[in-house]
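Welcome, and please open the structure in your viewer. We will walk through it one selection at a time.

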Amino acid sequence: MKKVRKAVIPAAGLGTRFLPITKSIPKEMLPIVDKPTIQYIIEEIVASGIEEILIINGRNKESIINHFDKVPELEAVLKAAGKTAALEEVEAITNMAKIFAVRQKEAKGLGHAVLCAREFVGDEPFAVVLGDDIVYNDETPALKQMVEVYNSYGASVIGVQQVPEDQVNKYGIVSGNAVGDRVYQVNDLVEKPAIGEAPSTMAILGRYIITPAIFDVLEHTGKGAGGEIQLTDGLKTLASIEKMYAYDFIGKRYDVGDKLGFLEATVEYGLRDNKLGTAFKLYLESLLK
């Protein structure tokens, strides 16, 4: 069984939930405390033992790639000023992983974005991590948990968590039979079902490990919800061909593509910050008074 060595981050979306700021700034570059959201995603991928990352990019999103590139002028200024800690932090961003990029020329959906990674992935299993979902777990990253499930079962793994019944229409929903601790063998997937028609309340939340067989499936997957090629539809077909599992991962998930979710992440990561946390907590307490 091949090791999961590669990850794909679809980042070509227009960020319409965050307009007007996303008219000029990619949503993946919006900062939570002092790091862009996509850096949290890449740090999780690297901490999960994955070596190579492909970012599926779109027009006017060069700043995403630039953030992980080397900036000799900045490094020279920091070095000359004796700002060693800042220099080390900047260099660490550049050196954290092998990062590649390819452009999704048309917004045809998440399934199409994943299909753009075919040459990069080849015949290996790979992770897909969505930039809208940040998961906090200070012990074992959510994606690492899923890699361990893949290593145990040798099949595609979908990251899920339970959501309220009145929220199922916002997500891809999975149903399955429990086969292990927090692990389910998938028997159905539905993209954004109507409330009352969902097969369960297990929502797909931005983390996948998928076998390369998905590419042939996506090549023949037609348009689904929203008139786009949906990854969920491709996974539903793949589950009829080979075994697939859902894993209820452990961690606090933030939907940072949503304004309220972004604010929640900003506040909670701010409170966890070693330098800012205490003062920030005092400030928030003063507001509540």
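## Stop one: a pair of tyrosines

Select Tyr40 and Tyr269 to begin; both are buried. Keep in mind throughout that this is a predicted model.

How many aromatic pairs does a search of the whole structure find? The search turns up eight, and your current selection is one to look at closely. The ring centres of Tyr40 and Tyr269 are 5.0 Å apart and the planes meet at 65°, so this pair is edge-to-face; the label applies to planes over 60 degrees apart. Now colour helix α1 (residues 37–47), which holds Tyr40, and helix α10 (residues 259–272), which holds Tyr269. The pair links distant parts of the chain, with the two positions 229 residues apart in numbering.

Add Tyr136 and Tyr254 to the selection: ring pairs link these two with Tyr40 and Tyr269 into a cluster. Then show Arg272, which lies over the face of Tyr269, 4.9 Å from the ring centre.

## Stop two: a pair of phenylalanines

Next, select Phe100 and Phe120. With ring centres 5.9 Å apart and planes at 55°, the pair falls in the tilted class. Phe100 belongs to strand β5 (residues 98–103) and Phe120 to helix α6 (residues 118–121). Here too the pair links distant parts of the chain, 20 residues apart.

Switch on a surface and look at each ring in turn. Is Phe120 buried or exposed? Phe120 is buried, at a relative accessible area of 14%. Phe100 has 38% relative accessibility and so counts as partly exposed. Before moving on, show Lys6 as well: its charged end sits over the ring of Phe120, 5.1 Å from the centre.

## Stop three: paired strands

Finally, select strand β9 (residues 172–180) and strand β10 (residues 183–191), which pair in the antiparallel sense over eight bridges. Follow the chain through the hairpin of β9 and β10, where two residues lie between the strands. Click on Arg182 there, and you will find a positive phi near 65°.

Now bring in strand β11 (residues 202–210), which runs antiparallel to β9 and is joined to β9 by two bridges. Which residue of β10 is the bridge partner of Ile173? The partner is Val190. In β11, the residue opposite Ile173 is Ala203. Select Ile173, Val190 and Ala203 together to see both relationships in one view.

As you turn the view, remember that in a regular strand the side chains alternate between the two faces of the sheet.

Notes:
Residues are numbered from 1 along each chain as its sequence is written. This is a predicted model: local features need pLDDT of at least 70, side-chain atom pairs count only at pLDDT 80 or more; totals for chains, interfaces and linings use all residues. Side-chain values use heavy atoms; hydrogens and water are left out. Rings of Phe, Tyr and Trp (its six-membered ring) pair if their centres lie within 6.5 Å; planes under 30 degrees apart count as stacked, over 60 as edge-to-face and the rest as tilted. Helices (H or I, at least four residues) and strands (E, at least two) are DSSP runs, numbered from the N terminus. Buried means under 20% relative accessible area, exposed over 50%, partly exposed in between (1.4 Å probe, protein chains only). A charge sits over a ring if NZ of Lys or CZ of Arg is within 6 Å of the ring centre and within 35 degrees of the ring normal. Two strands pair if DSSP finds at least two bridges between them.
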